[in-house]
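Trainee: I've just opened this one and don't know where to begin. Could you walk me through it?

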Amino acid sequence: MNRITYTLLFFLVNLVGFAGVAQAADLVTGTEFGAANEIIVHFSKAVDKAEAADPGRYIVFEELDPDIRLEIESIAVADSGREAVLTFADPLNSHNTHIVNTIGIGGVEQASFSVSKPYLGYLASILIAALLINNFVFTKYLGLCVFFGTSKRKDTATGMGVVFTIVIVVAVSMAWVLYQYVLKPFHLDYLQIVVFIGLTSLTIQAVDTILRKVNPILFKSFGVFLVLVIANCIIIAVPLLMASNEYNYFETLMLSLGAGFGFLLALYLMSSVRERIDLARIPESFKGLPIAFVVAGQFAMAFLGFSGLQLF
Amino acid sequence: MATEKTHGQLVADGILKENPIFKLALSMCPAVGISTTVMNGIMLGIAVLMVQVLSSVTISALKDFIHPRIRIPTYTLTIATWVTVIDLSLAAYFPAAYIKMGIFVKIIVAFAIITMRLEMFACKESVPASFWDGLGMGLGFLIGMVVLGAVRELLGSGALLGYDVLGFKPLLFFILPSAGFFVVGLMMGFFNWIEEFYKARKRG
Amino acid sequence: MKMIITIIFRLTVSCLLAGLVMGTTFVLTNKAKKANEFAREERVVYSLLGFSKENPIPESMGMYEVFRYLVSENGQQTIGYLVPLGGHGEDGGFSFIRIDLDAAFVDKTDVALSHDKVREQGDRDAAVQAALGTDKTIRFVEQTVVVTDHGERTAYLLHGKFPGYKTNIAIMLALAPDYSVIGLEIMEHEEDPGLGAEIEQNYFKKQFMFKPFEKIKAIEVVKEPMPVEYVDALEGKIDEAAAADMMKQYKDNDIYALTGATISSDAVSSGIKAMTRKFAYRFDVLDQVIEEQHIGVPF
């Protein structure tokens with residue numbers, strides 16, 4: 001499990017290494033936030049260093065506050081003339097998109113481009129949040145009934161986790177479609193609960209039927225978990241979260257993937273511990289569920305350590 | 001097929017023999033997440049009680065109308081409807097409490113306990129019997145949540161229902177979210193131990 | 001076949017019944033929900049200004065809402081303010097003032113809107129759009145309340161939302177006419193109980209009181225223990241006059257961070273810093289325009 005997580009993270013970090021894409025077609029190839037009060041601009045060709053170092057040729061503001069001009073303290077231009085680092089008097093709020101307008105640099109009369117945190121990084125951060133920081137089992141205390149029921153052995157645990165991830169991704173995607181195109185336009189927000197749970201039942205029914213026909217052997221090993229998915233509180237929590245945060249499709253996908261994998265991770269960890277506990281000496285009254293709860297409590301405390309994690 | 005239990009017995013069963021939290025180990029998500037104060041426990045307990053009773057009564061009243069092939073979707077629909085009603089009402093009339101409970105009111109729709117009750121009892125029994133059975137289950141949940149909330153609030157912030165009882169905070173740990181697991185686990189162990197104790201006494 | 005039809009029929013009837021029940025509940029509870037939200041905001045506003053049940057709002061006090069919009073026209077952006085007109089207690093209608101990004105006046109348009117409808121974003125946006133014409137797109141950004149007493153300005157009330165340690169923190173800030181802080185309320189947050197959630201406590205919130213604008217513009221957070229006398233004053237353990245004196249003594253100090261919650265403390269401080277600076281700049285510009293153009297606002 002560790003190796004898989006590492007490879008996934010490695011992959012994501014590489015993807016995320018890209019800087020934000022510039023909007024102005026020719027002058028600028030990329031922009032990014034540097035240190036707390038820096039914006040780094042990459043030019044497509046070498047520009048006149050004196051021009052690029054002149055603060056008067058830049059107008060910088062946050063996208064939502066176009067009338068508040070940010071004060072540039074100094075500009076450092078690289079020797080190649082293809083990079084300029086703008087240092088500001090105050091730390092920048094890198095959560096917001098910033099707009100940079102240049103006047104008369106590199107022969108271009110007026111150019112405008114935006115600077116924001118890489119979108120892939122933002123998507124990855126949603127995934128990491130749902131997976132670790134806000135793990136649905138250990139931090140949000142959802143899905144516990146199913147969790148304690150299926151975490152006795154590693155194979156049931158992984159089976160449940162995988163089935164759950166598949167169902168949640170499909171169900172939440174459909175929920176997103178219905179939310180954006182039916183519930184919101186017609187102001188039927190109060191029907192969220194009914195619609196979301198209905199979609200989940202439908203998905204489970206569909207997966208059940210398909211699996212039965214397509215791969216009966218797989219169905220034999222995994223089919224029993226399908227019924228349990230609907231009793232899992234997470235399955236209704238994720239669409240509700242998606243609706244209240246107004247995520248777009250990719251963000252929803254990341255959220256549901258994170259929730260599913262987080263559940264799988266929690267199940268795997270728990271089952272590893274429970275298998276060993278079964279062989280330990282435990283007081284009669286604590287055997288079974290009580291000790292499982294105590295173990296879960298310790299996991300919850302451990303996961304608190306992820307609080308405030310910010311990779312991107 | 002009417003049940004032979006009296007109404008009182010139905011209620012008592014729900015509270016003691018088949019207590020959802022401590023015995024059946026169902027609907028544990030709020031037990032761990034929300035039971036930081038007695039007030040939270042009461043409010044969520046009442047919400048679950050109402051959903052359970054209303055759903056039981058509705059299904060029992062409509063039991064002849066529901067086609068057996070689609071009974072599970074119908075149960076889900078009924079529960080979802082009543083959860084939405086309770087959710088909207090709580091948000092409108094008790095906003096302060098509603099904010100504290102967050103998403104947990106909406107999550108009631110995923111509680112296995114309610115669907116199970118409908119499947120096992122309400123679809124076969126008469127309306128009054130279903131009412132009392134639902135009441136018993138709901139009360140069991142409510143009492144469980146209140147007990148948990150009392151333990152955590154008393155030991156965590158030295159207060160009960162917001163009133164300062166102890167005058168100091170014994171262990172802040174108890175109201176931290178992760179402590180929910182510990183408290184429920186310890187209480188379950190405790191209940192088991194009491195049961196073992198009484199069984200041993202009966203035998204010996 | 002017959003079974004399928006029966007199933008579908010009964011299912012549809014059930015769905016319709018369910019929909020009816022939920023729809024009625026929604027209609028009934030929606031009004032109560034809106035009233036609750038409004039009452040809550042009112043309570044916060046009154047406590048921010050120092051009023052309560054024992055000390056109610058006097059007749060001479062006026063509260064006027066100014067709404068800020070972003071107007072886009074052919075790729076050019078201007079800032080628009082919807083301001084009320086007329087005197088105290090009169091309904092003189094509203095005017096939409098447009099100011100460009102270099103703080104120069106653009107134009108003003110009269111907007112046909114009644115005082116009760118102005119709080120509803122849908123009605124308000126529609127009225128403003130109608131007054132401006134369809135060639136411009138408008139977007140509502142935020143609202144501010146200007147509080148007057150006998151026609152003289154006494155306070156500005158601002159809303160703000162910024163990222164905290166976990167998710168966003170929403171606050172309400174009360175500024176004096178010289179932009180010093182006179183009150184702070186934390187409206188929403190999801191910080192950890194016992195750690196970041198302590199931003200709700202008086203010993204953190206009240207540190208911002210009486211700090212002058214010059215200090216707020218450059219406020220920082222220091223990780224030092226607070227002097228006991230200061231804590232007592234903030235928590236209200238000494239009498240009001242002495243407490244106010246003590247707080248004024250510390251008005252040029254930076255904010256003492258919460259133990260174990262430096263990031264939350266810093267988030268609130270930076271948020272207040274940014275809010276105050278932006279507001280001061282914008283309102284000075286608006287004031288200048290109002291004076292030059294002789295717009296009859298009640299504040």
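Mentor: Sure, and one term before we start: two strands count as paired if DSSP finds at least two bridges between them. Keep in mind, too, that this is a predicted model.

Trainee: Let's use that on chain C, then. Which residue in the turn of the hairpin formed by strand 1 and strand 2 of chain C has a positive phi?

Mentor: Strand 1 of chain C and strand 2 (residues 76–84) of chain C run antiparallel, joined by seven bridges. They form a hairpin with two residues between them. Along the pairing, Tyr69(C) sits opposite Gly80(C) in strand 2 of chain C. The turn residue with a positive phi, about 55°, is Asn74(C).

Trainee: And how many bridges pair strand 1 of chain C with strand 5 of chain C?

Mentor: Strand 1 covers residues 61–73 of chain C, and strand 5 covers residues 137–149 of chain C. One facing pair to look for is Val66(C) with Thr144(C) in strand 5 of chain C. The two strands pair in the antiparallel sense, and the bridge count is 12.

Trainee: Over to chain A. What word describes how helix 5 of chain A lies relative to helix 7 of chain A?

Mentor: The axes of helix 5 (residues 154–183) of chain A and helix 7 (residues 216–229) of chain A come within 9 Å and cross at roughly 60°. An angle from 65 to 115 degrees would count as roughly perpendicular, and one under 35 degrees as roughly parallel. The crossing angle therefore makes helix 5 of chain A, relative to helix 7 of chain A, oblique.

Trainee: How many nonpolar residues are in the contact of those two helices?

Mentor: On the helix 5 side of chain A, the residues include Met160(A), Val163(A) and Phe164(A). They meet helix 7 of chain A, where Phe222(A), Phe225(A) and Leu226(A) are among the partners. By class, the contact has no charged residues, two polar ones, and a nonpolar count of nine.

Trainee: How far apart are the C-alpha centres of the two domains of chain A?

Mentor: Domain 1 of chain A spans 20–115, and domain 2 of chain A spans 119–306. The separation of their C-alpha centres is 43 Å.

Trainee: Last one: which helix of chain B gives the most to the side that touches chain A?

Mentor: The contact takes 31 residues from chain A and 34 residues from chain B. Helices 2, 4, 6 and 9 of chain B each supply at least two residues of chain B's side. That side divides into 22 nonpolar, 10 polar and two charged residues. With 11 residues, the one giving the most is helix 9 of chain B.

Note on methods: Residues are numbered from 1 along each chain as its sequence is written. Chains are lettered from A and ligands numbered from 1 in the order in which they are written. This is a predicted model: local features need pLDDT of at least 70, side-chain atom pairs count only at pLDDT 80 or more; totals for chains, interfaces and linings use all residues. Two residues are in contact if their C-beta atoms, placed from the backbone, lie within 7 Å. Helices (H or I, at least four residues) and strands (E, at least two) are DSSP runs, numbered from the N terminus. Ala, Val, Leu, Ile, Met, Phe, Trp, Tyr, Cys and Pro count as nonpolar, Asp, Glu, Lys and Arg as charged, and the others, Gly among them, as polar. Axes are lines fitted to C-alpha atoms, for helices over the stretch in contact, and angles run from 0 to 180 degrees between N-to-C directions. Angles under 35 degrees count as roughly parallel, over 145 as roughly antiparallel, 65 to 115 as roughly perpendicular and the rest as oblique. Domain bounds come from an automatic or database domain assignment.
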